[in-house]
Amino acid sequence: MTDIPPHQCLLIIDFGSQVTRLIARRLRELNVYCEIHPCQNVTMDFVRRLAPRAVILSGGPDSVTRQGSPRAPQGIFGLGVPVLGICYGQQVMMEQLGGRVESGHSSAEFGRARVTPAGATAPILDGWFAGGPEQVWMSHGDHVSRVAPGFEVCATSPNAPCAIIADVSRHFYAVQFHPEVHHTPNGAKLFENFARLAGFTGDWTMSAYRDRAIAAIRQQVGDAKVICGLSGGVDSSVAAVLIHQAIGDRLTCVFVDHGLLRKDEAREVVSMFRDAYNIPLIHADESELFLGALAGVSDPEAKRKTIGRLFIDVFQKHADAIDGAGFLAQGTLYPDVIESVSVSGGPSATIKSHHNVGGLPERMGLTLVEPLRDLFKDEVRALGRELGLPPGFIGRHPFPGPGLAIRCPGEITREKLGILREADAVYIDQIRRHGLYDDIWQAFAALLPVRTVGVMGDGRTYDYACALRAVTSVDGMTADYYPFSHGFLSETATRIINEVRGINRVTYDITSKPPGTIEWE
């Protein structure tokens, strides 16, 4: 890939902040390409190969006053490029450049705070303080008590005497607060100023990314064939269309239909890829196999593992029939890459198993092609628009790999899946009719494993209850329920009960994540 001109790059050295990813999001919104790398992985050899135009040091949970706490490579301060330190990153800069950091109860500052100009000015603050003090978001236990030689104090807060500092001659800047979070309303302006000072021209566009990605795919794949496990979701669909533009009919998609899709979903996916894009597609209708294996299974983890195991078996069976395949395409996104490397190296709890093609490349002797691994979810959608995918398809809500199996708690039957499909279709239709679909991250119906007594047409009914779920979110890591009006909920419940035979009661799930998950299982 060295023959492909690189984007202008900004390096984010991650010290473990929970909001480091938001730094990247703010920069990508400015059409600045950036990469996040854990501090323990960043060496000067790596930095020289990456050749960043600027460096940002993130926040983190540690204290620079603790012996052995993480540091940045000292050489980054001799690269001659702008450096911005945020929270812990500010303290690292001061510790490594000759300043002083102190701990103590009086140093702590959490939540909203006001920063006030302190005399010195810096070009990174263009557009700041026009209306007086600025609101920022603080989260620190230590503070800088003495700046390093060459730095001046530009602003203070009640518990941060060096809230904003700058060495303008070297374009070194540091802030004690978090400009990346929305609680710092003018934070985006700081990043815009920093990018301008570093000479970024905004070359990170989806058009440029598409052209570079196509060239990279051609260079990686050569004359070989590629197979793609197509789920019908946005990520795998965008990856498939991108790869098809790069290598044409040497791509074959395998769409495993496990019988757990939403109403008309299989028909829509097959139609789009075969008719609209003329991409070679194997439609593997294996619903009998999956539903047979899931009969009598009620434990959610057992469902997921059964579906994942069968998916791999079926995918491999059909992929083995493709002669000359040397590569396996996946819709891996940048958050997946970031989360695969922990700053602390510590284990995290398994909340639920994920349905994917994990383990297949090694088993089948294939090399991975991951053309979306530099993108966030919204960027994948932007790339999809660039590639000409239908707007209604690009904007679809996320859909889990195990499908309706985890929206049907308890044992799965064809009858229950049929009822659930119809209820879900009515619910989504209601959301679209009211113009709410694009305001919601994800919405679906779940069929509960209980029957309730009802009265319909002066007669007794004993049918299923369903729960409606709709959440707002940025990245799916946290979520809150969508505040439908009572009128909407009443109208939707009436439609479901009237139009879907088998349901006589409708509820609305108002649980946030955490403590709940978005899906029911």
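These exercises, each with a worked solution, walk through a predicted model.

**Exercise 1. Checking a helix**

Task: Find what span helix H6 should have, and compare the distance between its end C-alpha atoms.

Solution:
- Start with the length. H6 covers residues 234-247, which makes 14 residues.
- Apply the rise of 1.5 Å a residue. The span should be 20 Å.
- Now take the end C-alpha atoms. They lie 20 Å apart, which agrees.
- Look at the surroundings. H6 is mostly covered, with 13 of its 14 residues buried.
- Step just past the helix. Glycine 248 has a positive phi of about 65 degrees.

**Exercise 2. A salt bridge from H6**

Task: Which residue forms a salt bridge with aspartate 235, and is each partner buried or partly exposed?

Solution:
- The partner is lysine 377. The closest N and O atoms are 3.0 Å apart.
- Check the cut-off. A salt bridge needs the nitrogen within 4 Å of the carboxyl oxygen, and this pair has 3.0 Å.
- Place both residues. Aspartate 235 belongs to helix H6 and lysine 377 to helix H12, residues 377-387. The pair links distant parts of the chain, 142 residues apart.
- Recall the other cut-off: buried means under 20% relative accessible area.
- Aspartate 235 has 18% relative accessibility, so it counts as buried.
- Lysine 377 has 21%, so it counts as partly exposed.

**Exercise 3. Two more salt bridges**

Task: Give the distance between the closest N and O atoms for arginine 262 with glutamate 265, and for arginine 469 with aspartate 509.

Solution:
- Begin with the general idea. Side chains of opposite charge can pair when their charged atoms come close.
- For arginine 262 and glutamate 265, the distance is 2.9 Å.
- Arginine 262 has a relative accessible area of 17%, so it is buried. Glutamate 265 has 4%, so it is buried.
- For arginine 469 and aspartate 509, the distance is 3.4 Å.
- Arginine 469 sits in strand E18, residues 459-472, and aspartate 509 in the segment after strand E20, so the pair ties together parts 40 residues apart in sequence.
- Both arginine 469 and aspartate 509 are buried.
- Count for the whole model: 26 salt bridges.

**Exercise 4. Two helices that cross**

Task: Describe how helix H14 packs with helix H15.

Solution:
- Locate them. H14 is residues 414-433, and H15 is residues 486-499.
- Take the geometry. The angle is about 145 degrees, and the axes are 10 Å apart.
- Note the handedness. H14 passes H15 in a right-handed crossing.
- List some contact residues. H14 supplies residues including Ala423, Val426 and Tyr427, while those of H15 include Phe488, Thr492 and Ile496.
- Sort the contact residues. There are 6 nonpolar, 2 polar and 5 charged.
- Follow the charges. Asp429, Arg433, Arg495 and Glu499 are joined into one network by salt bridges that share partners.

**Exercise 5. Two residues in strands**

Task: Which residues does valine 471 touch, leaving aside its neighbours within four places in sequence? Do the same for threonine 252.

Solution:
- Valine 471 lies in strand E18. Its relative accessibility is 0%, so it counts as buried.
- Beyond its sequence neighbours, valine 471 contacts Ile440, Trp441, Gln442, Ala479, Asp480, Tyr481, Tyr482 and Ile518.
- Compare a residue elsewhere. Leucine 79 is 392 residues from valine 471 in sequence and 45 Å from it in space, C-alpha to C-alpha.
- Threonine 252 lies in strand E13, residues 251-257. With a relative accessible area of 14%, threonine 252 is buried.
- Beyond its sequence neighbours, threonine 252 contacts Val226, Ile227, Cys228, Pro280, Ile282 and Ile322.

**Exercise 6. Backbone angles**

Task: What are the phi values of alanine 51 and aspartate 264, and what is omega for the bond from lysine 513 to proline 514?

Solution:
- Alanine 51 has phi near 50 degrees, positive though the residue is not glycine. It lies in the loop between helix H2 and strand E3. At 52% relative accessibility, alanine 51 counts as exposed.
- Aspartate 264 has phi near 65 degrees, again positive in a residue other than glycine. Aspartate 264 lies in the loop between E13 and helix H7. Its relative accessible area is 38%, so it is partly exposed.
- The bond from lysine 513 to proline 514 is cis, with omega near -15 degrees.
- Go one bond on. Proline 514 and proline 515 are joined by a cis peptide bond, with omega about 10 degrees.
- Proline 514 is in the segment after E20, and proline 515 is in the segment after E20 too.

Conventions. Residues numbered from 1 in each chain as written. Predicted model: local features only at pLDDT ≥ 70, side-chain atom pairs only at ≥ 80, totals over all residues. Heavy atoms only, no water. Helix = DSSP H or I, 4+ residues; strand = E, 2+ residues; numbered from the N terminus. Expected span 1.5 Å × (residues − 1). Buried < 20%, exposed > 50% of the residue type's maximum accessible area, 1.4 Å probe, protein only. Axes fitted to C-alpha atoms, helices over the stretch in contact; angles between N-to-C directions. Left-handed = near helix turned anticlockwise from the far one by under 90°. Contact = heavy atoms within 4.5 Å. Nonpolar A, V, L, I, M, F, W, Y, C, P; charged D, E, K, R; others polar. Salt bridge = Lys/Arg side-chain N within 4 Å of Asp/Glu carboxyl O.
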